[in-house]
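Colleague: I have the model open on my bench screen. Can you walk me through it, one question at a time?

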Amino acid sequence: MQPKKQIFLTGLWKDNPVLRQILGICSTLAVTNLMINTLVMDAGLIFTVCMSSLTVSLLRNVTPVRIRMMVQTLIIASYVIIVDIMIKAYLPDISEALGPYVALIITNCIIMGRCEAFARHNPPLSSFFDGLGMSLGYSLVLIAIAFVREPLGFGTLLGFRVLPEGFVHWTVMIMAPGAFFTLGIMVWILEHFRLQSGEEKG
Amino acid sequence: MLSVVYMFLITLFFASLVSSVKLLNDQKIERNQTIKLQKIILKVLQIPVQGQMTGEELARIYTDRVEEIDVNGRTLFIGYAEDGQTILGYAMPVGGPGFWGPIRGMVGVSPDATKVLGLAFIKHSETPGLGGRITEPWFTGQFKDLPLHPIKGDQNIFYLKPEGTAQAANDLDTITGATNTSSAVETFLNQELDHFLKKLWGSIEETK
């Protein structure tokens, strides 16, 4: 059994779901044009991944193998609906801005991926830390992309102006392709250093 | 067989969990939506509201100053001055297809239905920063004092033109980079304003 710290760090960096596994790209493209939307999406995903992994792991010895995916979908959907209701009740403005994306957390591959690949075979606490590492890894990448997209696309960061008034906004950064370029360049640079440091040799 | 029982039980458990969270928060969600709608109605009727007002204060002003009546299946909101007698204007929900999805809004007109008092968009799914800019004050603000007349032939109530090319009083600035959203708004809002005017004039005639 790997120590929990190791499990956590694997998800956060070494097997980062967005940069290394290229999962959860749909929401990465959709919400990263504004930092505030990104943060709410991250919080929703962290809650859902951790709780789903924990629940799937708790039920791992009693769930019949044949219907495990149905059960996982049910668990994930329940947590996502709870997040959606909470945001609608306590953060109505952000709920407006995120539109259907909160409900679409259900289809984020990272959640089911972690349930299938990890939580199904591992004890609850390890699964929880695996979920935490993976979702924080996802969040870090999204924040980094939003940090590029919002200033270039809107001239602002979290709604505060960071670039001068006269700055010509890059329309492409507001649209989904802007995230493709940003993410692609990020993966390129990080892979370059990873290969140079010899981490992947052998 | 065991799988069926298991699935049934686990579904029952999670469905009850979700339902109870929903029930516990339902009132709050509904209240948020009501507050938002009331704020928008007061805004398009140009009834001043302070930014830091609680829901109760807002609801009180709303009940004092706005009356809701039903006109041919659509709600018409009548705004009154502080004396509760003088009519300040009428507001009505408007809506139509945007570029990515339906757009819903609220428009207020003067008591004699000759000009727009205010316009606000309630719900849309346009791209943030592009078509989504229809909710920005510079865009909706242009509609204030727009002269109104029913559409005759191909004469629209207003036109959206590229910035700096406006010539007539009913030429408003379009959103640069959001041509499709702009033309969708231009199309449905012209129709809806025309529709609104006909209904409103009908109901003003009736009450006379």
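Modeller: Start with A:Y79. Setting aside neighbours within four places in sequence, A:Y79 is in contact with A:F47, A:T48, A:M51 and A:S52. Contact means that C-beta atoms, placed from the backbone, lie within 7 Å.

Colleague: What should I know before trusting the numbers and labels?

Modeller: This is a predicted model: local features need pLDDT of at least 70, side-chain atom pairs count only at pLDDT 80 or more, and totals for chains, interfaces and linings use all residues. Residues are numbered from 1 along each chain as its sequence is written, and chains are lettered from A and ligands numbered from 1 in the order in which they are written.

Colleague: Is A:M112 buried or exposed?

Modeller: A:M112 sits in helix α6 of chain A, residues 109–119. Helices here are DSSP runs (H or I, at least four residues), numbered from the N terminus. A residue is buried if 20 or more other C-beta atoms lie within 10 Å of its own. A:M112 has 20 such atoms within 10 Å, so it counts as buried.

Colleague: Which elements cover the buried residues of α6(A)?

Modeller: The buried residues of α6(A) include A:I110, A:M112, A:R114 and A:F118. Leaving aside neighbours within four places in sequence, A:M112 is in contact with A:Q72 and A:I76. The cover over the buried residues of α6(A) includes α3 (35–58), α4 (68–90) and α7 (124–154) of chain A.

Colleague: Which element gives the largest share of the largest nonpolar core?

Modeller: A nonpolar core is a set of buried Ala, Val, Leu, Ile, Met, Phe, Trp, Tyr and Cys residues joined through C-beta atoms within 7 Å. The largest one has 47 residues, and A:Y79, A:V83 and A:Y138 touch the most other members. Its largest share is 11 residues, from α4(A).

Colleague: How do α3(A) and α7(A) run, roughly parallel or roughly antiparallel?

Modeller: Their axes, lines fitted to C-alpha atoms over the stretch in contact, come within 8 Å. They cross at roughly 165°, on a scale from 0 to 180 degrees between N-to-C directions. Angles over 145 degrees count as roughly antiparallel. That makes α3(A) and α7(A) roughly antiparallel.

Colleague: How many nonpolar residues are on the side of chain B that touches chain A?

Modeller: In all, 22 residues of chain B are in contact with 22 residues of chain A. Ala, Val, Leu, Ile, Met, Phe, Trp, Tyr, Cys and Pro count as nonpolar, Asp, Glu, Lys and Arg as charged, and the others, Gly among them, as polar. On chain B's side, 8 are polar, 3 charged and 11 nonpolar.

Methods:
Two residues are in contact if their C-beta atoms, placed from the backbone, lie within 7 Å. Helices (H or I, at least four residues) and strands (E, at least two) are DSSP runs, numbered from the N terminus. A residue is buried if 20 or more other C-beta atoms lie within 10 Å of its own, exposed if 12 or fewer, and partly exposed in between; C-beta atoms are placed from the backbone. Angles under 35 degrees count as roughly parallel, over 145 as roughly antiparallel, 65 to 115 as roughly perpendicular and the rest as oblique.
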